[in-house]
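Visitor: I would like a close look at one part of this model, please: the aromatic side chains and how they sit. From there, please follow the chain outward into the surroundings.

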Amino acid sequence: MSPISILRRHRVAALLGAALIISPVVVSFAQNTVNAGLSTVAATTQTPVAGVTAPSGSFAPIVATTKPAVVTVTTVTKGQPDGTGGGSPFDSSSPFDQYFQQFFGDQGIPMPKTPPQQSPRQEALGSGFIVGSDGTIVTNNHVVDGATSIKVTLDDGTELPAKLVGHDAKHDLAVLKVKASKPLPTVRWGDSSKLNTGDQVLAIGNPFGIGTTVTAGIVSARGRDLHSGPFDDFIQIDAPINHGNSGGPLVDIHGDVVGINTAIYSPNGGSVGVGFAIPSDQAQKVVAKLMKGGNIEYGYLGVQIQPVTQDVASAIGLDHPAGALVAQVTDGSPAAKAGIEVGDVITGFGGQEIKDPKDLSRAVADVSPGAKETINVWRKGKALQISADVGRNTEDTQTASTGEGGKPSAGPGLGVPSLGLGLTDITPDIRQELNLSDTQRGAVVERVNPDKAASAAGLQPGDIIVGVDQTPVKNASQANQAIAEAAKSGKKSVLLLVDRGDAQIFVAVPFAAG
């Protein structure tokens with residue numbers, strides 16, 4: 001399994017009328033610990049946090065006020081037609097099948113069988129927390145994704161059917177609603193922007209389905225990007241969390257919710273002290289929209305962007321590396337209609353400072369489709385303001401994206417020794433070999449010296465240079481001349497616009513002696 005693991009809903013297998021929790025961790029440690037019981041397995045996966053102390057010597061007062069508002073979310077889903085939908089360790093295809101058969105046989109427990117070619121009923125467990133005394137509950141989207149029915153178990157053991165009010169896969173958040181005979185205990189939202197690395201936090205949830213559990217730790221890092229979605233901005237924590245903790249709250253020393261426990265880094269399926277939570281500031285905005293019902297519409301600009309490195313900043317005259325560099329503008333998109341150009345650096349959007357591509361993605365996504373926003377742009381040494389009508393982001397469009405690809409090498413051509421590049425024109429044979437359109441122009445990278453700056457910058461044979469320092473080039477001669485002029489001007493690097501596969505990217509290459 002991937003080291004970065006979503007805290008998946010925990011599967012439940014019904015044996016002799018009781019719920020036996022089967023997890024990837026049990027499988028990982030089956031040979032050594034299964035005879036000692038599941039409680040021992042769960043304990044071995046917990047990473048103790050040394051030296052963490054509560055402000056008053058105990059976390060008990062915080063737990064007393066927050067734990068009653070934490071719930072267990074149980075869902076029922078349908079498996080795949082071949083009967084392997086849940087990937088249960090009891091499937092006949094499992095490499096542990098014979099071991100489990102022997103174990104359950106020795107214990108006198110009937111070995112459960114999954115009939116082939118059927119869709120078995122599967123239960124899964126997650127966590128959540130109550131934010132409204134009327135029964136409004138927050139959890140992860142992946143906890144309830146694909147559920148045919150949802151049940152919530154309160155801290156006092158009360159079981160209630162739940163309705164899915166709204167969900168959002170991009171932020172991995174969902175809102176549930178239950179009807180209770182009395183007002184339910186709630187937790188308050190906290191301010192995750194005030195969290196600092198080293199601050200103490202508590203994680204509350206139901207790991208492995210053993211019951212509500214509290215673990216303590218600190219904030220290990222902020223702003224983690226796990227590449228799980230366009231809006232990744234996770235809080236990293238070392239408070240032990242495991243499968244089943246998904247959707248549970250991360251609370252600070254004041255008992256306020258500062259995050260939602262969502263994922264773990266784990267080479268073995270269990271906690272190794274590297275967990276991730278969605279920040280409350282991000283979650284609270286999404287939840288407020290979801291409480292109104294349905295899904296969320298995101299804004300769409302229509303640009304492919306990349307970070308501004310120090311070399312890029314030097315090449316375009318920025319005094320420091322910041323913003324989002326526009327590598328491509330989608331035809332007919334809001335960006336194209338507003339006049340945004342390839343090579344622009346977006347430094348502000350809707351009054352927000354844009355420090356990197358993620359900032360722009362989040363800022364555009366938070367805007368309602370149809371809104372008119374002001375965009376601050378750095379273009380060829382000048383600061384501009386552009387007004388754009390934000391579009392609607394659908395599943396097949398992205399606010400911002402990056403792309404990489406490769407193409408085979410071309411024939412001999414001109415050299416750029418200071419960068420370590422060999423360039424050639426687009427000939428009919430090259431056009432056919434690289435499957436280029438009749439209108440494609442530029443200089444083909446024929447070879448790259450592995451010891452020179454171009455290789456270190458990531459240029460590859462088959463790349464097509466279509467622009468040098470934000471000026472289009474049609475052939476190798478123009479590209480060489482433009483690079484030479486950039487070197488004579490005293491610049492520390494040159495900015496190349498490169499076509500690679502279906503993507504267009506900027507590559508800043510520093511000058512060095514050839």
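Guide: Happy to. One term first: a residue is called buried when its relative accessible area is under 20%, exposed when that value is over 50%, and partly exposed in between. Please also keep in mind that this is a predicted model. The protein chain has an average pLDDT of 77, and 74% of the residues score at least 70. Residues 81–117 have a pLDDT below 50, although this stretch makes 56 contacts in the model beyond near neighbours in sequence. The pLDDT is also below 50 over residues 395–413, where 59 such contacts are found. Where pLDDT is low, the predicted coordinates should not be read in detail.

Now to the rings. The count of aromatic pairs comes to two. In one of them, the ring centres of Phe 129 and Trp 189 are 5.7 Å apart and the planes stand at 80°, so this pair is edge-to-face; the cut-off for that label is over 60 degrees. Phe 129 belongs to strand 5 (residues 121–132), whereas Trp 189 sits in the loop between strand 9 (173–178) and strand 10 (200–205), so the contact ties together parts that are 60 residues apart in sequence. The two partners differ in their surroundings: Phe 129 is buried, at a relative accessible area of 0%, while Trp 189 is partly exposed at 21%.

The other pair is made by Phe 234 and Phe 276, again edge-to-face, with 6.3 Å from centre to centre and 70° between the planes. Here too the chain is bridged over a distance: Phe 234 lies in strand 12 (residues 234–237) and Phe 276 in strand 15 (residues 275–279), 42 residues apart. Phe 234 has 7% relative accessibility, which is under 20%, so Phe 234 counts as buried. Phe 276 is buried as well, with a relative accessible area of 4%.

Strand 15 leads us on to helix 7, as strand 15 is among the elements that cover the buried residues of this helix. Helix 7 spans residues 280–290, and its buried residues are Ser 280, Gln 282, Ala 283, Val 286, Val 287 and Leu 290. Looking down the helix axis, you would find these buried residues within an arc of 150°, so they line one face of helix 7. An α-helix has 3.6 residues a turn, so residues three or four places apart point the same way. The cover over this face also includes strand 6 (136–139), strand 8 (159–168), strand 9 and strand 14 (257–265). Strand 9 is familiar by now: the loop that holds Trp 189 runs between strand 9 and strand 10.

Strand 8, another part of that cover, brings us to charged side chains. Side chains of opposite charge can pair when their charged atoms come close. The structure holds 11 salt bridges. One of them joins Asp 155 and Lys 67, whose closest N and O atoms are 2.9 Å apart. Asp 155 is in the loop between strand 7 (149–153) and strand 8, and Lys 67 is in the loop between helix 4 (60–66) and strand 4 (70–78), which puts the partners 88 residues apart. Asp 155 is partly exposed at 30% relative accessibility, and Lys 67 is partly exposed at 25%. Glu 159 and Lys 151 form a salt bridge too, with 3.6 Å between the closest N and O atoms; Lys 151 is partly exposed, at a relative accessible area of 32%.

Strand 12, the home of Phe 234, has a salt bridge in the loop that comes before it. There, Asp 225 meets Lys 358 at 3.8 Å, N to O. Asp 225 lies in the loop between strand 11 (213–224) and strand 12, and Lys 358 in helix 10 (residues 357–365), so this pair ties together parts that are 133 residues apart in sequence. Asp 225 is partly exposed, at 31% relative accessibility.

To recap the route: it started from two aromatic pairs, passed the buried face of helix 7, and ended at the salt bridge between Asp 225 and Lys 358.

How values were computed: Residues numbered from 1 in each chain as written. Heavy atoms only, no water. Phe/Tyr/Trp six-rings, centres within 6.5 Å; stacked < 30°, edge-to-face > 60°. Helix = DSSP H or I, 4+ residues; strand = E, 2+ residues; numbered from the N terminus. Buried < 20%, exposed > 50% of the residue type's maximum accessible area, 1.4 Å probe, protein only. pLDDT = per-residue confidence, 0-100. Contact = heavy atoms within 4.5 Å. Arc of directions from axis to C-beta. Salt bridge = Lys/Arg side-chain N within 4 Å of Asp/Glu carboxyl O.
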